[in-house]
Amino acid sequence: MIPETLKTELQRRIRAAFTQREAAVDVMKSLQAHYGWLTDEAVVEAADLLGLSPLQVEELATFYEMIYRRPVGRKVIHVCDSISCWSLGGESLLEQIAGQLGIKAGETTADNLFTLLPCCCLGNCGQAPTLMIGDTIYGRVTTASATEILRQERQDT
């Protein structure tokens with residue numbers, strides 16, 4: 001169940017939006033931050049807040065790849081696989097990170113720290129290959145820098 005303070009804050013944001021549907025991603029991201037992922041309960045809560053059906057919220061949630069409809073690790077690693085990143089080694093980068101974590105793309109480490117996901121575009125083409133962990137974008141990632149990034153992210157937990 002959503003805490004009253006969060007509910008009040010989301011209602012304020014919805015009222016400030018031009019339409020309720022415009023606020024949907026913000027509401028979903030906030031509920032995701034609260035629960036760790038967008039649970040079925042959170043979909044219903046979002047629908048109630050937004051005046052939409054749960055199906056409409058589900059359609060929006062499954063469209064956006066940074067809305068998680070299943071549990072994820074505490075840190076989600078998105079490796080860009082757009083044409084720019086792919087052509088500059090993004091596919092190899094994804095494989096290297098998967099190997100270092102001992103998982104495949106789409107999986108979560110046994111300690112529930114990292115989930116590894118390919119991402120269609122992170123909007124950082126000029127700094128390809130790119131990855132993002134949480135809200136931090138890393139550009140021009142090499143095999144050496146990826147190892148260091150993972151080491152640092154582990155330390156920051």
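**Sheet, cores and local geometry**

Me: Which residue in β2 stands opposite lysine 75?
Reply: Lysine 75 has its counterpart in strand β2, where helices (H or I, at least four residues) and strands (E, at least two) are DSSP runs numbered from the N terminus. The model is predicted: local features need pLDDT of at least 70, side-chain atom pairs count only at pLDDT 80 or more, and totals for chains, interfaces and linings use all residues. Residues are numbered from 1 along each chain as its sequence is written, and side-chain values use heavy atoms, leaving out hydrogens and water. The residue of β2 opposite lysine 75 is phenylalanine 114.

Me: In what sense do β1 and β2 pair?
Reply: Strands count as paired if DSSP finds at least two bridges between them. Strand β1 covers residues 75-80 and shares six bridges with β2. One further facing pair is valine 76 and threonine 115. The sense of the β1-β2 pairing is parallel.

Me: Which residue is the bridge partner of valine 79 in β3?
Reply: β1 and β3 are joined by three bridges. These two strands run antiparallel. The partner of valine 79 in β3 is leucine 131.

Me: What is the order of the strands in the sheet?
Reply: Four strands make up an open sheet with mixed pairing. Its edges are β2 (114-119) and β4 (136-138), each of which pairs on one side only. From one strand to the next the twist averages 20 degrees. The order is β2-β1-β3-β4.

Me: What angle does the direction of α6 make with that of β1?
Reply: Helix α6 (residues 90-101) packs on the sheet and touches β1, β2 and β3 (131-133); contact requires heavy atoms within 4.5 Å. Axes are lines fitted to C-alpha atoms, for helices over the stretch in contact, and angles between N-to-C directions run from 0 to 180 degrees. The directions of α6 and β1 make an angle of about 155 degrees.

Me: Is β1 largely enclosed or exposed?
Reply: Lys75, Ile77 and Val79 point one way from β1, while Val76, His78 and Cys80 point the other way. In a regular strand, side chains alternate between the two faces of the sheet. Buried means under 20% relative accessible area, exposed over 50% and partly exposed in between, with a 1.4 Å probe and protein chains only. Six of the six residues of β1 are buried, so with respect to the rest of the structure the strand is largely enclosed.

Me: Which side chain forms a polar contact of 2.7 Å with that of glutamate 153?
Reply: Glutamate 153 lies in helix α7 (residues 143-155) and is buried, with a relative accessible area of 8%. Leaving out residues up to four places away in sequence, glutamate 153 touches Lys75, Phe114, Ile133 and Tyr138. A polar contact is a pair of N or O atoms within 3.5 Å; within protein, one must be able to donate a hydrogen and the other to accept it, and residues adjacent in sequence count only if both atoms are side-chain atoms. The side chain that makes this contact of 2.7 Å with glutamate 153 belongs to lysine 75.

Me: Which element gives the most residues to the largest nonpolar core?
Reply: A nonpolar core is a set of buried Ala, Val, Leu, Ile, Met, Phe, Trp, Tyr and Cys residues joined through side-chain atoms within 4.5 Å. The largest one has 22 residues, and Leu10, Val27 and Leu50 are among those with the most contacts inside it. Two or more residues come from each of α1 (4-16), α2 (24-35), α3 (40-50) and α4 (54-63). With six residues, the element that gives the most is α3.

Me: How many residues has the second, separate core?
Reply: This second core is separate and includes Val79, Leu93, Leu101 and Ala146. Its number of residues is 17.

Me: What is the geometry of the pair formed by phenylalanine 63 and tyrosine 64?
Reply: Rings of Phe, Tyr and Trp (its six-membered ring) pair if their centres lie within 6.5 Å; planes under 30 degrees apart count as stacked, over 60 as edge-to-face and the rest as tilted. A search of the whole structure finds one aromatic pair. Phenylalanine 63 is exposed at 64% relative accessible area, and tyrosine 64 is partly exposed at 35%. Their ring centres are 5.0 Å apart and their planes stand at 90 degrees, so the geometry is edge-to-face.

Me: Which residue is joined to alanine 128 by a cis peptide bond?
Reply: The omega angle of this bond is about -10 degrees. The loop between β2 and β3 contains proline 129. The residue joined in cis to alanine 128 is proline 129.
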